[in-house]
Amino acid sequence: MLFYFYFRMFDVPKITGIISARNAKTIGFQFPEGLKRQAPALAKEVEAKTGALVIISGDPCYGACDIDDALLDMVDVLFHFGHSRISDDDRIVFMEYYHDVDVDRAVASALPLLGQKVGVVTTVQHIHKLDDIAKILTDAGREPVISKGDSRITYPGQVLGCNFSAVPAGVDSFLFVGSGNFHPMGMRLAHKVPVVAADPFTGEARLVDVEKIMKQRYAVMAKAMDAKKWGIIVGMKSGQQRLALAKRLKDIAGDAVLISIKEISPDRLLNFKVDAYVSTACPRIAIDDAGRFPAPVLTPVEFEMVKGLRSWEDLALDEIAGD
Ligand code: SF4
């Protein structure tokens, strides 16, 4: 059973096939935290089967945007596990990871909460279940709608925490299949249409409520209203860099400095002595760690609201758009 699970998790023949086709001698492995414990066994197996040397990245990895660039420069191929492709760099091979959990119970629980025309989205971990989800909806007399996203999105119907471009317009409700609050909250704020979040791991579904997050964000913005000195953070992870945006915000802010950071955390912001920050890096950082930062940290959207360039009714989560 354990072997079956491991085999399902990692496509070892695909990995060894790519190594031998590219005649690669030095290999990088990069895993999100939840898969790291599998890394040593996989590295040993791949070394034994190919004779190549494997180096495992020990740094944190939060998404496909988060490539270990220093490791990438040392290896012939970098296998990045658990996320779908963002970068076109062909030295990186994205090895997606799919959860083998049933979605039927969760989608059935969602049915009473859904409208007639339902926009369906999920994360890459459940994307292989999208047809099953659409069939359940169709069998229940609903009209599922699945859309393509921009270049940052690999599959129709896929969402990232920073990109809702595959969320379809013109529907009367959304069904998000997955766990966590961030994606469905972003959909709800962006589209003002009811969002039902169905969690395949619990089999439960709920209407997404954004009141708490809105209160939190308006409180952070209120604290930043009197800020005179601003720090505009430029994320140094390759898939999070938005220097042009950071420069534009700096011009708007007036008294502002650009600050480059790779791992953004409260203690990294302690010593700059500015009144407020704007993060142009991963949109989740300002939200997930709110309350822990030494000064308000806004998203670019919120900064525009504070500066009067956007209506106070127009709160949305920040997105990193592709082409
Ligand atoms: S920028 Fe943030 S939300 Fe987007 S892929 Fe990276 S970690 Fe995920």
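This tour proceeds from the domains to a sheet and then to the ligand.

**Domains.** The structure on display is a predicted model. Begin by colouring three segments separately: residues 2-95 as domain 1, residues 104-207 as domain 2 and residues 211-306 as domain 3. Next, show domain 1 and domain 2 together; their C-alpha centres are 30 Å apart. Where these two domains meet, 5 residues of domain 1 are in contact with 8 residues of domain 2.

**The sheet.** Select strands 10, 11, 12 and 13, which form an open sheet of 4 strands with parallel pairing. Reading across this sheet, the order is 11-10-12-13. Strand 11 (256-261) and strand 13 (297-298) are at the edges; each has a single partner strand, so one side of each is left without a neighbour in the sheet. Now turn to strand 10 (residues 230-235) and strand 12 (residues 276-279), which run parallel and are joined by 4 bridges. To inspect one pairing in this region, select Trp-230, whose bridge partner in strand 12 is Ala-276. In general, the strands of a sheet pair through backbone hydrogen bonds, in either a parallel or an antiparallel manner.

**The ligand.** Finally, centre the view on the ligand, which sits in the largest pocket. Which residues are around the ligand? Select Tyr-62, Cys-65, Arg-152, Gly-161, Cys-162, Gln-240 and Cys-282 to display them. Colouring this shell by class shows 4 nonpolar, 2 polar and 1 charged residues around the ligand.

Key: Residues numbered from 1 in each chain as written. Predicted model: local features only at pLDDT ≥ 70, side-chain atom pairs only at ≥ 80, totals over all residues. Heavy atoms only, no water. Pairing = 2+ DSSP bridges. Helix = DSSP H or I, 4+ residues; strand = E, 2+ residues; numbered from the N terminus. Near = heavy atom within 4 Å. 1 Å grid on protein atoms, 1.4 Å probe; cavity = no way out; pocket = protein on both sides within 12 Å on 5 of 7 lines; lining within 4 Å. Sits in = over half its atoms within 2 Å of the grid points. Nonpolar A, V, L, I, M, F, W, Y, C, P; charged D, E, K, R; others polar. Domains from an automatic or database assignment. Contact = heavy atoms within 4.5 Å.
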